[in-house]
Amino acid sequence: MSIVEQMLSKYNIETENDIVNALKEIFQEVALLGLYRGNFFSKAAFYGGTALRVLYGSNRFSEDLDFSLLKKDKSFNIENYFQYIIDEFEALGIEITINKKQKKTDTFIESAFLKNDTSLHTLDVNVDRLRNIIGAVYSGKQLKIKLEVDVNPPLKFQTEAKTLLMPVTFNVVAMTLPSLYAGKIHAVLCRNWKTRVKGRDWYDFEWYVKQKARLNLEHLQERMYESGHLKRGVKLDKSMLIQNLKDKIDSLNIEKAKAEVRPFLKDVSGLEFWSKDYFRLLADRVLFV
């Protein structure tokens with residue numbers, strides 16, 4: 001049995017969406033191994049929704065690999081690590097190319113894409129050699145995984161080493177759960193999707209509360225300072241945060257939130273409990289470090 005087959009065997013695959021999500025997650029873990037080989041984690045920490053699923057067992061699939069430098073470094077170049085990622089895919093018999101995404105605006109985010117079609121500014125994953133493994137359920141639907149590194153990150157977060165067992169045993173440096181929680185609450189409060197709703201943020205918020213995770217309020221405050229959602233010098237306290245959450249919940253479109261998150265869940269039955277009153281109850285149960 002190949003490594004990819006071993007990694008696929010842990011998934012219950014019944015639909016094309018199942019295989020797409022499983023392959024994305026496997027490719028994410030292969031990319032993480034390449035970054036480990038390149039000593040990337042001496043400079044950066046893994047965070048975001050994929051970190052939550054891969055390292056902490058969330059039931060939600062995630063598309064992106066998000067990283068924060070441990071120290072601000074606007075000269076950081078993600079391209080220095082591309083070859084390490086390519087080597088890991090090639091070791092599994094998977095052909096890829098990587099291209100850095102060209103910035104349209106002046107930001108502090110370094111980006112690249114993993115993708116199974118051929119276009120500029122992508123990491124292209126050729127899955128043809130996996131046809132005998134993934135079978136007829138996969139019709140060639142596009143796989144897209146984005147890598148982003150914040151080179152000018154909000155600080156005051158904590159990190160820890162976490163061990164992954166596949167494709168081989170290796171370590172990544174990740175934000176601790178309280179710091180990850182802070183990043184998610186920042187997204188819930190401050191993400192600007194205009195008329196769209198990111199239900200994944202609310203699903204993750206629910207997950208943190210159910211896990212009785214504790215929130216790093218200092219890191220959240222730093223994030224809000226740097227995004228301009230809190231005036232620097234104003235102290236973010238627990239009561240202010242809870243009120244901000246409830247204000248956000250008041251304007252939340254529950255049905256749009258459910259629709260956005262459904263493709264990333266194997267079991268959607270829990271969504272039937274979602275309501276504004278339910279999220280207000282969750283807000284009152286937020287715990288702090």
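Reader: Which residues does R200 touch, not counting residues up to four places away in sequence?

Author: With those sequence neighbours set aside, R200 touches R60, E63, W193, E260, V261 and F264. Please keep in mind throughout that this is a predicted model, and that R200 itself has its place in helix α7, which spans residues 199–210.

Reader: Does R200 count as buried or exposed, and how should I read the number?

Author: The general idea is a threshold on relative accessible area, where buried means under 20% and exposed means over 50%. R200 has a relative accessibility of 9%, and therefore counts as buried. Its side chain also makes a polar contact with the side chain of E260, at 2.5 Å, and E260 is one of the residues that R200 touches. As for sequence separation, R200 and S62 are 138 residues apart along the chain, while their C-alpha atoms are separated by 8.7 Å.

Reader: How much of the protein chain counts as buried, and what share of contacts between residues at least 6 apart in sequence join residues at least 24 apart?

Author: Of the 289 residues in the protein chain, 52% count as buried. When contacts are restricted to residues at least 6 apart in sequence, 71% of them join residues that are at least 24 apart. The secondary structure of the chain comes to eleven helices and ten strands.

Reader: What is the mean pLDDT of the protein chain?

Author: The general idea is that pLDDT states the predictor's confidence in each residue. The mean for the protein chain is 87, with 85% of its residues reaching 70 or more. Over residues 114–122, however, the pLDDT is below 50, although this stretch has 37 contacts in the model beyond near neighbours in sequence.

Reader: Turning to strands, how many bridges join β7 to β8, and how is the hairpin built?

Author: Strand β7, residues 159–164, runs antiparallel to β8, and six bridges join the two. They form a hairpin with five residues between them, and within this pairing T159 stands opposite M175 of β8. Strand β8, residues 170–175, has five of its six residues buried, so the rest of the structure largely encloses this strand.

Reader: Which residues lie on one side of strand β1 and which on the other?

Author: In strand β1, residues 44–47, A44 and F46 lie on one side and A45 and Y47 on the other, and all are buried, which leaves both faces covered. β1 pairs with β2 in the antiparallel sense over four bridges, and S68 in β2 is the bridge partner of A45.

Reader: How should I read a cavity, and which residues line the largest cavity?

Author: Rolling a probe the size of a water molecule over the atoms shows where empty space is left. In this structure the count comes to one cavity of 30 Å³ or more, and the volume of the largest cavity is about 30 Å³. Its lining consists of N21, K24, F61, S62, E63 and F264; E63 and F264 are also among the residues that R200 touches.

Reader: How many residues line the second largest pocket, and which lie nearest its centre?

Author: There are 16 lining residues, and R191, K194, R196, V197 and K248 lie nearest the centre of this pocket. About 280 Å³ of space lies within it, and helices α6, residues 177–190, and α7 each supply at least two residues of the lining.

Reader: K248 is named there; which side chain reaches the backbone oxygen of K248?

Author: The side chain of S251 does so, at 3.1 Å. S251 sits in the loop between α9 (238–250) and α10 (254–261), and because its relative accessible area is 58%, S251 is exposed. Along the sequence S251 and K276 are 25 residues apart, and in space they are 8.9 Å apart, C-alpha to C-alpha.

Reader: And for contrast, where is Q221 found, and with which residues is Q221 in contact, leaving aside its neighbours within four places in sequence?

Author: Q221 is found in helix α8, residues 217–227, and at 12% relative accessibility it counts as buried. Leaving those neighbours aside, Q221 is in contact with L230, V234, K235 and L236. A polar atom of the Q221 side chain lies 2.8 Å from the backbone nitrogen of L236.

Conventions:
Residues numbered from 1 in each chain as written. Predicted model: local features only at pLDDT ≥ 70, side-chain atom pairs only at ≥ 80, totals over all residues. Heavy atoms only, no water. Buried < 20%, exposed > 50% of the residue type's maximum accessible area, 1.4 Å probe, protein only. Pairing = 2+ DSSP bridges. Contact = heavy atoms within 4.5 Å. Polar contact = N/O pair within 3.5 Å; in protein donor to acceptor, adjacent residues only side chain to side chain. pLDDT = per-residue confidence, 0-100. 1 Å grid on protein atoms, 1.4 Å probe; cavity = no way out; pocket = protein on both sides within 12 Å on 5 of 7 lines; lining within 4 Å. Points joined across faces, edges and corners; volume = space filled by probe spheres on them.
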